[in-house]
Amino acid sequence: MTTARLVSTSPTRLPSTSASPIHRTSLCAVGRAPAFSARPLGFSLRLKPSPAMAAAGVGGNGPPTAHGDSIGSSRIGEVKRVTKETNVHVKINLDGTGVAECSTGIPFLDHMLDQLASHGLFDVYVKATGDTHIDDHHSNEDIALAIGTALLEALGDRKGINRFGHFTAPLDEAAVEVILDLSGRPHLSCGLDIPTQRVGTYDTQLVEHFFQSVVNTSGMTLHIRQLAGKNSHHIIEASFKAFARALRQATEYDLRRQGTVPSSKGVLSRS
């Protein structure tokens, strides 16, 4: 693997616009990263939770707002990864609305990243070019490494989040369970039994490699277990859907925690 040059942009509150609301969609061949302006200034889409809601941990993806403050800042990670093999630009908003704008050069991977955005309610922008004339391996790996790094950046010190996520997603005859911990410790246990070597042109061996690469750079403990399934497409898509929902659960805020780090050690670190 060629040594990568990474350029990370610190997460900032992006400017709002007066444009009409963005609908959940998937676009191809995007020229630049979107603004992700999901919350116009002076207006909040998040209802102030009642005491009962707070006790139940209800409050959506976004950060809890201080008393009298109607707007919380979005958690955004942006990474550019450039090697002799690939050129990758990733931007993720954990507090988004499910917008996917992905052009990776790998159609099936674009479809799976759509699932990550749609079911995680993340805004996901991925623009990548690479040596796919050889195969999809380098692009698949570098996109996943950049996504993991963007997640790491967006999560920051991880204060106030649920940290743990667990979801089982069915897709027809297939069912896949995902358990994850945003612990800062990278580990993958992948128990997928995909019966065919390819789905379309996509090498199914790259599924586990994609998740391993995300785990390595994000500092995530991830367990993926196939409960049922015979169709390769269904198995892989159920995996991405379950991963998206588990990650959404883990990154959402626990209002009862009141902004503290969800660890008895007092810190969650990638190192």
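Let me begin with helix α5, residues 232-251, where a short calculation can be checked against the model: at 1.5 Å a residue, its 20 residues should span 28 Å, and the end C-alpha atoms are 29 Å apart, which agrees. I should say straight away that this is a predicted model, and please keep that in mind during everything that follows.

Staying with α5, we can ask how it sits in the fold: is it largely enclosed by the rest of the structure, or largely open? Of its 20 residues, 16 are buried, so the helix is largely enclosed by the rest of the structure. At the N-terminal end of α5 there is a cap, provided by Asn231, whose side-chain oxygen lies 3.0 Å from the backbone nitrogen of His233.

Two residues inside this helix are worth a closer look, and I will take Ser239 before His234. Ser239 lies in helix α5, and because its relative accessibility is 0%, where buried means under 20%, it counts as buried. What does the side chain of Ser239 reach? It reaches the backbone oxygen of Ile235, at 2.8 Å. If we leave aside the neighbours within four places in sequence, Ser239 is in contact with Val176, Val178, Leu192, Phe211 and Ile224.

His234 also has its place in helix α5, and at 19% relative accessibility it still counts as buried, because the cut-off is under 20%. Not counting residues up to four places away in sequence, His234 touches Leu171, Asp172, Glu173 and Ala174.

One of those partners, Asp172, deserves a pause, since it is found in the loop between β7 and β8, the latter being residues 174-181. Asp172 is exposed, with a relative accessible area of 63%, and it has a positive phi of about 55 degrees although it is not a glycine. Arg158 also has a positive phi in a residue other than glycine, near 65 degrees. Where is Arg158 found? It is in the loop between α3 and β7, where β7 covers residues 164-171. Is Arg158 buried or exposed? At 2% relative accessibility, Arg158 counts as buried, whereas Asp172, as we heard, is exposed.

Let me now turn to how helices pack against one another, starting with the partner of α5. Helix α2, residues 107-120, packs with α5 at an angle of about 35 degrees, the two axes being 8 Å apart, and the crossing is right-handed. On the α2 side the residues that meet α5 are Phe108, His111, Met112, Gln115, Leu116, His119 and Gly120, while the α5 side includes His233, Ile236, Phe240 and Leu247 among others. The residues of this contact of α2 with α5 divide into eight nonpolar, five polar and four charged.

The second pair is α3, residues 137-155, with α4, residues 205-218, whose axes come within 7 Å and cross at roughly 30 degrees. The crossing of α3 and α4 is right-handed. Residues making the contact include Ala144, Leu145, Gly148 and Leu152 of α3, and Leu206, Phe210, Ser213 and Val214 of α4. How do the residues of the contact of α3 with α4 divide into nonpolar, polar and charged? There are eight nonpolar, eight polar and one charged.

I would like to add two residues from the strands, so that the helices do not take up the whole talk. Leu227 lies in strand β12, residues 221-228, and it is partly exposed, with a relative accessible area of 45%. Although Leu227 and Glu177 are 50 residues apart along the chain, their C-alpha atoms are separated by 7.0 Å. Not counting residues up to four places away in sequence, Leu227 touches Thr168, Ala175, Val176 and Glu177.

Ile92 is found in strand β4, residues 86-93, and at 2% relative accessibility it counts as buried. The C-alpha atoms of Ile92 and Arg75, which are 17 residues apart along the chain, are separated by 8.3 Å.

To finish, let us step back to the protein chain, which has five helices and 12 strands. Buried residues make up 49% of its 271 residues. If we take the contacts in the chain with a separation of 6 or more, residues 24 or more positions apart account for 79% of them.

Note on methods. Residues numbered from 1 in each chain as written. Predicted model: local features only at pLDDT ≥ 70, side-chain atom pairs only at ≥ 80, totals over all residues. Heavy atoms only, no water. Axes fitted to C-alpha atoms, helices over the stretch in contact; angles between N-to-C directions. Helix = DSSP H or I, 4+ residues; strand = E, 2+ residues; numbered from the N terminus. Left-handed = near helix turned anticlockwise from the far one by under 90°. Contact = heavy atoms within 4.5 Å. Nonpolar A, V, L, I, M, F, W, Y, C, P; charged D, E, K, R; others polar. Expected span 1.5 Å × (residues − 1). Buried < 20%, exposed > 50% of the residue type's maximum accessible area, 1.4 Å probe, protein only. Polar contact = N/O pair within 3.5 Å; in protein donor to acceptor, adjacent residues only side chain to side chain.
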